[in-house]
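Ready to practise reading a protein model? Work through the exercises below with the picture open, and try each task before you look at its solution.

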Amino acid sequence: MHNRPLPAALLLLALVAAAPARAEAPPAGPLTLSLDHGRFWYAGQVEDGDVPDPSLCDVVAPCPTFGLNIPAGGHRLRVAYDTPSREDSFDLQLIAPDGTVTTESGSNVFDAEAFVAKPAAGAWKVRVVPKGATQALVRMRALVESAPDPKPAGSTPLLPNLKAVPPFEFGFVAPANPANAAYPPDTVNPPLSVAGQQPMECTIDEMAPITLGGGGATGCLRFTSGPINAGDGPFLKEFKFASDLANGRMHTDGPYIRGDSRQIIVNADGKEWTRPAGTYSFHTTHAHFHDDGILTYELFKVDGTTLTPAGKGTKSGFCPADQLMGQWRRFSQDVSGDFGDGDTATGNCYGAADDGLLSLTRGWGDVYRWQRPGQYVDWGDNTDGLYVVRATVDKSNTTLETDENDNAAYAFIRVTGRRVDELERGQGMSPFDPDKIVFTGYGPASQDPFGDLPDNPAPADAPAPAPGAPADRTPPRTRVLAPRGRTLRFRLSEPATVRVSVLRADRVVRRLVVDGRAGVNAVALRALRGGHYRVALVATDAAGNAARAVTTRIRIR
């Protein structure tokens, strides 16, 4: 539990927040890939966008687009995006030299990855199409694999390795909807507020007495966390709900109906076997299935140089889905959804009857956000001060995995009244763990904000990071001025690349790219026939911040 005295120097260092790295500018030209060498880059920030069709890119909203030079002899091309909030959705498109388009849609996910087998050598394009995104940061990665991923020989078990997402998104406000397990929860369940006041920290079921199936909470410090599978194989738990119910093998525990589950182990040769692995439950209020006790939450007060347990922790059941890459720097993820849809309206969490399966594909993770049931530690009568919130996956060790000693993650916080300041978060037992891994990025599992260069040598054209300076998150402002004849005029707040799309009716008839300067800019619209046109301008600055599309109407005489 790390309740030993803590060196004062370590305590002082832990209170100093790490300075974020400045956003790398998106690459100005094509990126050259070599076999088995990953490339990572910052794609920019989309201020606002929902593009119904790729033909309307840079008309309705910007679609960040990048060139990739692909070598010959590749076994598979894989390209992924990562964004800090799964409320922002994108389509990821890979466009081959012959124009063939491969599309991977990312909805209610933090990450999506597109694959192309035997990619043709030559110039490819990667296009990120917003499908409902607001102030959304996007980072990218790409790899051309030379051969399939090697596996151990024979019947070696391919075990999962469970890790926890470091807790974040802290607060003391209950969700507006106490039955908050409906799909999807992120956008439909805001914090409860009445006339500008937040009257509740816990939902009614969380405050109800334990004897009546509630949580018995007297105050709720809420947060977001979840599990990650960073192992060699999938995390699989099976259950037989209908059979267990019919044969009297279930027992009632408050709002839960519980039964025994089994872990499915997949060997390297493809054979499967099972073993007892704890219990599963069906929540009669929230109407879905959980793997019981997969997450344990604990609260500690930093008292001088000692961590002291501070209030009752909670155990959270979980129905995971492949929505988050657990290790962005490793190209170890299998194709998401290999074992079911998980947290969808018809997925494993809701639709299981007698073939239930709770799963995380290799390399993938998930989070339950603060508004989900059980996403809290009981605050009780704690006072202002420094605290550590710890999340531990599979603390009861019901899951067989490769490493039983890396299941914990933490957040180091300062509480003042009902204000919570996050000082540090990472994987490990606490901020004083000498083996901790600190997370400084913007997403749930982001160890860095935008991406430093990988440890292995990179090609000479790789962009260099610029650490130590604050990130530029402000998009350029564009204002259209009165046209002069066939000349379009607009004012920019800063230098930016401006993509100009000219439409007649609903068809794009001309596209231009202008290197705009701060101040007034002019673009000659030649070769247009007389008539009425609509013009859309999308400005993107050097840091990759893409502004909203600005439109105007012009008449060519």
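## Exercise 1: Around one threonine

A polar contact of 2.6 Å joins the side chains of Thr 224 and Glu 169. (A polar contact is a pair of N or O atoms within 3.5 Å; within protein, one must be able to donate a hydrogen and the other to accept it, and residues adjacent in sequence count only if both atoms are side-chain atoms.) Before going on, note that this is a predicted model, where local features need pLDDT of at least 70, side-chain atom pairs count only at pLDDT 80 or more, and totals for chains, interfaces and linings use all residues. Residues are numbered from 1 along each chain as its sequence is written, and side-chain values use heavy atoms, with hydrogens and water left out.

**Task.** Find where Thr 224 sits, and work out which backbone nitrogen its side chain reaches.

**Solution.**

Step 1. Look in strand S11, which is where you'll find Thr 224. (Helices, H or I with at least four residues, and strands, E with at least two, are DSSP runs, numbered from the N terminus.)

Step 2. Check the burial: Thr 224 has a relative accessible area of 0%, so it is buried. (Buried means under 20% relative accessible area, exposed over 50%, and partly exposed in between, with a 1.4 Å probe and protein chains only.)

Step 3. Follow the side chain of Thr 224 to the backbone nitrogen of Trp 370, at 3.1 Å.

Step 4. Now list the neighbours, skipping those within four places in sequence: the contacts of Thr 224 include Pro 166, Phe 168, Arg 369 and Gln 375. (Contact means heavy atoms within 4.5 Å.)

## Exercise 2: Opposite charges

**Task.** Which residue meets Glu 169 in a salt bridge, and how many residues apart in sequence are the parts that the pair ties together?

**Solution.**

Step 1. Start with the idea that side chains of opposite charge can pair when their charged atoms come close. (A salt bridge is a side-chain nitrogen of Lys or Arg within 4 Å of a carboxyl oxygen of Asp or Glu.)

Step 2. The partner is Arg 369, whose side chain meets that of Glu 169 at 2.8 Å, N to O.

Step 3. Glu 169 is in strand S10 while Arg 369 is in the loop between strand S21 (364-365) and strand S22 (376-378), so the bridge ties together parts 200 residues apart in sequence.

Step 4. Compare the burial: Arg 369 counts as buried at 13% relative accessibility, and Glu 169 counts as partly exposed at 29%.

Step 5. Try another one: Arg 139 and Asp 82 meet through their side chains in a salt bridge of 2.9 Å, N to O. Arg 139 lies in strand S8 (residues 122-145) and Asp 82 in strand S4 (residues 76-82), so this pair ties together parts 57 residues apart in sequence. Both Arg 139 and Asp 82 are buried.

Step 6. Zoom out: the structure holds 21 salt bridges. A network of them links Arg 76, Arg 78, Glu 113, Arg 141 and Glu 145.

## Exercise 3: Rings

**Task.** Is the pair Phe 412 and Phe 432 stacked or edge-to-face?

**Solution.**

Step 1. Get the rule straight. Rings of Phe, Tyr and Trp (its six-membered ring) pair if their centres lie within 6.5 Å; planes under 30 degrees apart count as stacked, over 60 as edge-to-face and the rest as tilted. By this rule the count comes to 14 aromatic pairs.

Step 2. For Phe 412 and Phe 432, the centres are 5.7 Å apart and the planes are at 65°, so the answer is edge-to-face.

Step 3. Place the two rings: Phe 412 is in strand S24, and Phe 432 is in the loop between strand S25 (419-427) and strand S26 (437-439), 20 residues apart.

Step 4. Contrast this with Phe 282 and Phe 289, with centres 4.9 Å apart and planes at 55°, so that pair is tilted. Both Phe 282 and Phe 289 are buried. Ring pairs link them with Phe 239, Phe 241 and Tyr 280 into a cluster.

## Exercise 4: The core

**Task.** Which strand gives the most to the largest nonpolar core?

**Solution.**

Step 1. Find the core: of its 35 residues, Phe 170, Leu 221, Leu 299 and Ile 413 touch the most other members. (A nonpolar core is a set of buried Ala, Val, Leu, Ile, Met, Phe, Trp, Tyr and Cys residues joined through side-chain atoms within 4.5 Å.)

Step 2. The answer is S16, with five residues.

Step 3. Take Phe 170 as a sample: leaving out residues up to four places away in sequence, its contacts include Leu 221, Val 389 and Ile 413.
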